[in-house]
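Let's take a walk through this fold together. Have a look at the chain first, and then we'll go from the outside in.

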Amino acid sequence: MNSANIWGFFLLNLLIFSACFFGSVLEEIPEQIQSFQIVRGLGILAAPILIFILNGILTSDQKAFLVFWKVRNTLPGHRAFTKYAKIDARVNLDRLVQLHGDLPTDEKEQNKLWYRLYRNNRVETVISKAHQNFLLARDLTSLSFLFLLCSLGMFIVFNFKPSFIYASIVIFEYLIMMRLAQNHGRKFVRDVLAIESSN
């Protein structure tokens, strides 16, 4: 499921790239359209391999940093009990204490306990869907960042205007994906706590 969405996201960005850097060229030089379409077709065929490579360049920790912009204890699970359990009306803190004793306040210990709760409840539909959504949003954020790095290189190859337009679009895209991933990550943490405290 996520692979298909990532592929679609990649193709969308390929179209944006094409429009920014080759749109005016194709309008002015119609005879180049066929050659360009061949190149674009090859790009689409190679997309699954490119996605596999691009999505594997960054580690999980690096992707998490690009989403939450924290160097240490990056994930929302590091603040599961001191922050997110307290602001979600679905979470019964007393029940969590009854089940697991005094809840940790150290960020690393919070994440360890939260992850154990996730593993115990991962078959729940709500949790598996929240996990899937977070991973997808996180991967789209990291791809947006890689596209942003690519846009910086375009300033060297192409003139300023198309490079600036493309960079502006990709920056906006990255910020949107980052916010989306943050929201899904926090929801994922809160959903696990809500399900666990209802047991």
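**A greasy patch, then the cores**

Start on the surface: L149, L152, F155, F164, I165 and I169 make a nonpolar patch of about 510 Å². Patch members have over 30% relative accessible area and no salt bridge (a Lys or Arg side-chain nitrogen within 4 Å of an Asp or Glu carboxyl oxygen), and nonpolar side chains (Val, Leu, Ile, Met, Phe, Trp, Tyr) are joined within 5 Å. Areas come from the Shrake-Rupley method with a 1.4 Å probe, and for residues only the protein chains shown count as cover. Helices α7 and α8 each give two or more residues to the patch. L149 sits in α7 and is partly exposed at 44% relative accessible area, that is, between buried (under 20%) and exposed (over 50%).

This is a predicted model, where local features need pLDDT of at least 70, side-chain atom pairs count only at 80 or more, and totals for chains, interfaces and linings use all residues. Residues are numbered from 1 along each chain as its sequence is written, and side-chain values use heavy atoms, leaving out hydrogens and water.

The chain has eight helices and zero strands, taken from DSSP runs (H or I, at least four residues; E, at least two) numbered from the N terminus.

Now go inside. The largest nonpolar core (buried Ala, Val, Leu, Ile, Met, Phe, Trp, Tyr and Cys joined through side-chain atoms within 4.5 Å) has 24 residues, and F81, W114, F188, V192 and L193 touch the most other members. Helix α8 gives the most to this core, seven residues. Apart from it lies another core of 21 residues, including I16 and L140.

Terms used:
Buried means under 20% relative accessible area, exposed over 50%, partly exposed in between (1.4 Å probe, protein chains only). Patches are made of residues with over 30% relative accessible area and no salt bridge: like charges are joined within 9 Å, nonpolar side chains (Val, Leu, Ile, Met, Phe, Trp, Tyr) within 5 Å.
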